[in-house]
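Me: I am new to this structure and would like to learn how to read it. Could you take me through it one feature at a time?

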Amino acid sequence: MTPTHEAGWAHVEGALRGPGWLRPPDDANALVPSLWSSTTRKVDGNLVVGQVPIPELVANVNTPAYVLDEADLRARARAFRDAFADYDVYYAGKAFLCTTVARWIAEEGLSLDVCSDGELTVALRAGLDPARIGYHGNTKTEMELMRAVAEGVGRIVVDSFDEIERLERVTASLGRTAKVMVRVTAGVEAHTHEYIATAHEDQKFGFSITAGHALEAVRRVVAAPGLDLLGLHSHIGSQIFDTSGFEVAARRVLALHAQVGEELGVTLPELDLGGGFGIAYTTQDDPSDPAQLAIEMSKIVEHECRALGIDQPRLSIEPGRAIVGPAMCTVYTVGTVKRVELDGGAVRTYVSIDGGMSDNIRTALYDADYSCTIASRESGAPPVLARVVGKHCEAGDIVVKDEFLPADVRPGDLLAVPSTGAYCRSMASNYNHALRPPVVAVRDGVATTIVRRETVDDLLATDLGASDT
Ligand code: LLP
């Protein structure tokens, strides 16, 4: 049975249609520009990023590989910097961090948000000014706090009463003062296209405003001699498109900010509204650009401050995904193509690649949607609905649930998945003893490996029995 037909995919008996939003393309070779980094092109069927043809890059570094478009990443960082000129912009390193990217981010005028000793180490190793580093985390250890304070990290975002006590001990023992923000739960659970103001309190992050914990945390920080309170911090979620979530959060957080002024007589100089700005993974997504976001967020804050009769605090935001996400794609080699007959006679084309959930867990973990394209040739074959799966021992090891690929997709083809810069390499694992792929930066025709591929020796370095053999 063949899944294609002269008259097109939809005319095949029992053809799979995929999700409603996924339209069969007129040309399965063509790129959807909004899903790819700004320098990405197709030239004679070959994907070209940063003027580097991907087949050439693969000939040198093999697959799977993350390809990072330096110009694109820098431009996104700059766009946030310029649009939010009156704010401090902290790049959320959890999305993706290595020393080179930390340096680029700093060169573009951004600060950095870290949430572990590992991320802090990368930032310091990259030579970043500790004063421009913010430190997050809902359970920072005494050792982590000790190091953060000793290094002179610019702000520590406290997230529990235990942590406030711990930080007091740490600052006392070091004879230092720590600048602190209090992470509050604004009572908003933001989703891609909606916000739900109910289940929000039931989570591990932050101090609840509603329960009065946030005000109590502020009181304790203000009373602690070694802690210098900068302000409140609110982060409502990730991959958010609807600014109404930010609006509700800003209103509640600013109300608390004003209450702190009234009841404690403390004017907090700063306020952080967090990150979470959505990006396009597929044609379903329509993100706002930083300029639009800045206008909307500033309007909300101005309006609320005026209504509350307070001066505007210095604002900061923490975008991660929106800066690095669209700047990277992942390139794989197709290993097998299997046409599986489903109940009712429809056929699903399974395209297996040489990576999978170890380099992109987001599909398996969040049911995320991705798209893909053949990166190494042009095809005249009609489009067929395919599912791109990894090589791991797991049926849920899916990278792209549904995409139209040319029906002649075959072993040896290079396949590229866009928008994999955020939370892919940073959440990669060694499942099945996979070697985590390299990150290769491309710019003006030059490819530079900035994170090398892991080796078997890297894997065995922690296996203390390995030296016996
Ligand atoms: N600030 C704080 C306090 C955060 O917790 C996060 C993300 C950010 C900023 C940056 O959010 P972004 O702008 O990147 O959306 N692994 C998930 C996302 C988890 C986000 C965790 N916090 C994913 O792959 O979708």
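Me: Where does the ligand lie with respect to domain 1 and domain 2?

Reply: A useful habit is to ask which parts of the chain give residues to the shell. In this predicted model, domain 1 (9-68 + 326-460) and domain 2 (111-322) both contribute residues to the shell around the ligand, so the ligand lies between them.

Me: Which residues around the ligand come nearest?

Reply: There are 18 residues around the ligand, and those that come nearest are S238, E318, R362, Y366 and Y423. Sorted by class, this shell is made up of six nonpolar, six polar and six charged residues.

Me: Which distances should I look at between polar side-chain atoms and an oxygen atom of the ligand?

Reply: Here one looks for pairs of N or O atoms within 3.5 Å. In the side chain of S238, an N or O atom is 2.3 Å from an oxygen atom of the ligand, while R362 places a polar side-chain atom 2.6 Å from an oxygen atom of the ligand. For K94, the distance from a polar side-chain atom to an oxygen atom of the ligand is 3.4 Å. As for cover, the ligand on its own has 580 Å² of accessible area, and the protein covers 87% of this.

Me: How many residues of domain 1 and of domain 2 are in contact?

Reply: Between these two domains, whose centres, taken over C-alpha atoms, are separated by 35 Å, the contact involves twelve residues of domain 1 and eight residues of domain 2.

Me: What area is buried between domain 1 and domain 2?

Reply: The size of an interface is often given as the accessible area lost when the parts come together. In this case about 1000 Å² is buried between domain 1 and domain 2, and carbon and sulfur atoms give 62% of that area. On the side of domain 1, the residues W21, L35 and P326 supply 39% of the area buried against domain 2, which is more than any other three residues supply.

Me: How many salt bridges does the rule find across the interface of domain 1 and domain 2, and how many residue pairs are in polar contact?

Reply: The rule finds zero salt bridges across this interface, whereas three residue pairs between domain 1 and domain 2 are counted in polar contact, with both residues at pLDDT 80 or more. The side of domain 1 that touches domain 2 consists of seven nonpolar, three polar and two charged residues.

Note on methods: Residues are numbered from 1 along each chain as its sequence is written. This is a predicted model: local features need pLDDT of at least 70, side-chain atom pairs count only at pLDDT 80 or more; totals for chains, interfaces and linings use all residues. Side-chain values use heavy atoms; hydrogens and water are left out. A residue is near a molecule or strand if one of its heavy atoms lies within 4 Å of it. A polar contact is a pair of N or O atoms within 3.5 Å; within protein, one must be able to donate a hydrogen and the other to accept it, and residues adjacent in sequence count only if both atoms are side-chain atoms. Accessible areas come from the Shrake-Rupley method with a 1.4 Å probe; for residues, only the protein chains shown count as cover. Ala, Val, Leu, Ile, Met, Phe, Trp, Tyr, Cys and Pro count as nonpolar, Asp, Glu, Lys and Arg as charged, and the others, Gly among them, as polar. Domain bounds come from an automatic or database domain assignment. Contact means heavy atoms within 4.5 Å. Buried area is the accessible area (1.4 Å probe) that two parts lose on being put together, summed over both. A salt bridge is a side-chain nitrogen of Lys or Arg within 4 Å of a carboxyl oxygen of Asp or Glu.
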